[in-house]
Amino acid sequence: MASYTLIPTTVGKVWDSRILLYDLDNNNGQQLLKIRTLKRDGNDNTMPTVTPLYAARFVTDNPMKVPPRAGLNPRSLSLCYPNPNNATGRTVINVYVPYSPDKPEWKEQIRETFNLLGATSIDYRGESKPITYTSQIN
Amino acid sequence: MASYYCDYIGDDSRTYQRVRFDVYLVSVTVGTRGTRSSTSLQDDADTLPPILLSTLTPIVPKQAYCTLPFTYRNALIWTSRNSYIHCPIPWQPNSLEFNTFINEIKSANSNLSTGINGEFIESSYLEFRVKNG
């Protein structure tokens with residue numbers, strides 16, 4: 001697994017910085033994304049949010065080469081956990097789905113997330129992005 | 001609002017048959033949610049990508065059609081600075097039809113911009129789908 005840097009935030013959460021190889025929705029494209037995965041929440045609870053198929057897409061290449069997202073909202077799962085220590089009574093964590101829907105790993109990663117991470121509910125949101133027009137580039 | 005039906009393929013590869021979709025125009029002013037208004041079949045023929053037009057069939061009144069148990073993939077095609085057309089994208093990402101749709105949008109000259117929005121599936125139905133095929 002990749003080595004990582006812990007980034008403590010002002011509210012006490014601890015994150016791992018990662019680089020993710022992500023399949024785009026069209027033309028079999030792929031893109032590197034800078035992401036963070038939550039390691040401990042603000043109440044010092046350990047929050048393991050990485051499943052084996054998710055970890056399989058982490059890369060250790062030079063992060064300076066990662067391009068900006070340019071409006072891309074990657075496919076993601078919203079995991080909701082009850083948390084009585086929060087004012088909202090819950091903690092919501094996003095996990096990206098790097099596999100495009102036409103690959104079997106797409107369903108496997110979601111199944112794995114349901115089975116291994118113990119969230120109360122998990123919503124799915126597909127990829128969203130703006131389209132750049134060829135006529136505007138020229 | 002022009003209404004059509006076609007088969008819809010979800011991100012989970014399942015085909016949902018004979019699903020009804022509305023194509024409509026939304027006018028937006030600053031600080032409001034926008035106002036929906038009708039489009040005609042001719043408006044849609046002038047605006048929508050050809051592959052989408054060839055996939056959609058106008059509905060026949062008094063016939064039954066299906067609705068989806070989640071929010072479907074859609075595109076917002078901005079035709080002016082304050083209005084866009086809302087239309088469905090019934091193909092699975094990375095399929096030939098989906099890629100053709102994106103390429104046709106990219107090469108369109110009459111539109112200002114387009115936003116693609118993915119599916120949104122709530123937890124109970126997502127769990128049902130991934131655990132049952």
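How many residue pairs are in polar contact across the interface of chain A and chain B? I began my entries with this, working throughout on a predicted model. With both residues at pLDDT 80 or more, the rule finds 17 such pairs across the interface.

**Entry 1, the interface.** I then looked up which elements of chain A give two or more residues to the side that touches chain B, and I noted helix 2 (104-116), strand 7 (121-125), strand 8 (129-131) and helix 3 (134-137). Helix 2 of chain A gives the most, with 6 residues. Sorting the residues of this side of chain A by class, I wrote down 11 nonpolar, 12 polar and 8 charged. In terms of contact, 31 residues of chain A meet 34 residues of chain B, and the area buried between the two chains is about 2,700 Å², of which carbon and sulfur atoms give 51%.

Having noted the charged residues on the side of chain A, I searched for salt bridges across the interface of chain A and chain B, and the rule finds 0. I also followed the strands from one chain to the other: strand 8 of chain A pairs with strand 7 (residues 113-117) of chain B in the antiparallel sense, over 3 bridges. Within this pairing I located Lys129(A), which stands opposite Ile116(B).

**Entry 2, Asp23(A).** Is Asp23(A) buried or exposed? I entered it as buried, because its relative accessibility is 2%, which falls under the 20% cut-off. Asp23(A) lies in strand 2 (residues 14-23) of chain A, and its side chain makes polar contacts with the side chain of Arg57(A) at 3.0 Å and with the side chain of Lys103(A) at 2.8 Å. Leaving aside neighbours within four places in sequence, I listed the residues in contact with Asp23(A), among them Gly29(A), Arg75(A), Tyr99(A) and Glu127(A).

**Entry 3, salt bridges within the chains.** Over all chains the count comes to 12 salt bridges. I took up three of them in turn, keeping in mind that side chains of opposite charge can pair when their charged atoms come close.

In the salt bridge of Arg57(A) with Asp23(A), the closest N and O atoms are 3.0 Å apart. Arg57(A) lies in the loop between helix 1 (52-55) and strand 4 (58-59) of chain A, whereas Asp23(A) is in strand 2, so the pair ties together parts that are 34 residues apart in sequence. Arg57(A) counts as buried at 11% relative accessibility.

Asp25(A) and Arg75(A) meet through their side chains in a salt bridge of 2.6 Å, N to O. Here I placed Asp25(A) in the loop between strand 2 and strand 3 (30-40) and Arg75(A) in the loop between strand 4 and strand 5 (76-82), so that this pair ties together parts of chain A that are 50 residues apart in sequence. I entered Asp25(A) as buried at 4% relative accessibility, and Arg75(A) as buried at 0%. I also found that Asp25(A), Arg75(A), Glu127(A) and Lys129(A) are linked in a network of salt bridges.

In chain B, I looked up Glu119(B), which forms a salt bridge with Arg73(B), the closest N and O atoms being 3.0 Å apart. Glu119(B) sits in the loop between strand 7 and strand 8 (120-121) of chain B, and Arg73(B) in the loop between strand 4 (57-58) and strand 5 (74-80), so parts 46 residues apart in sequence are tied together. Glu119(B) is buried, with a relative accessible area of 1%, and Arg73(B) is buried with a relative accessible area of 1%.

Methods:
Residues are numbered from 1 along each chain as its sequence is written. Chains are lettered from A and ligands numbered from 1 in the order in which they are written. This is a predicted model: local features need pLDDT of at least 70, side-chain atom pairs count only at pLDDT 80 or more; totals for chains, interfaces and linings use all residues. Side-chain values use heavy atoms; hydrogens and water are left out. Contact means heavy atoms within 4.5 Å. Buried area is the accessible area (1.4 Å probe) that two parts lose on being put together, summed over both. A salt bridge is a side-chain nitrogen of Lys or Arg within 4 Å of a carboxyl oxygen of Asp or Glu. A polar contact is a pair of N or O atoms within 3.5 Å; within protein, one must be able to donate a hydrogen and the other to accept it, and residues adjacent in sequence count only if both atoms are side-chain atoms. Helices (H or I, at least four residues) and strands (E, at least two) are DSSP runs, numbered from the N terminus. Ala, Val, Leu, Ile, Met, Phe, Trp, Tyr, Cys and Pro count as nonpolar, Asp, Glu, Lys and Arg as charged, and the others, Gly among them, as polar. Two strands pair if DSSP finds at least two bridges between them. Buried means under 20% relative accessible area, exposed over 50%, partly exposed in between (1.4 Å probe, protein chains only).
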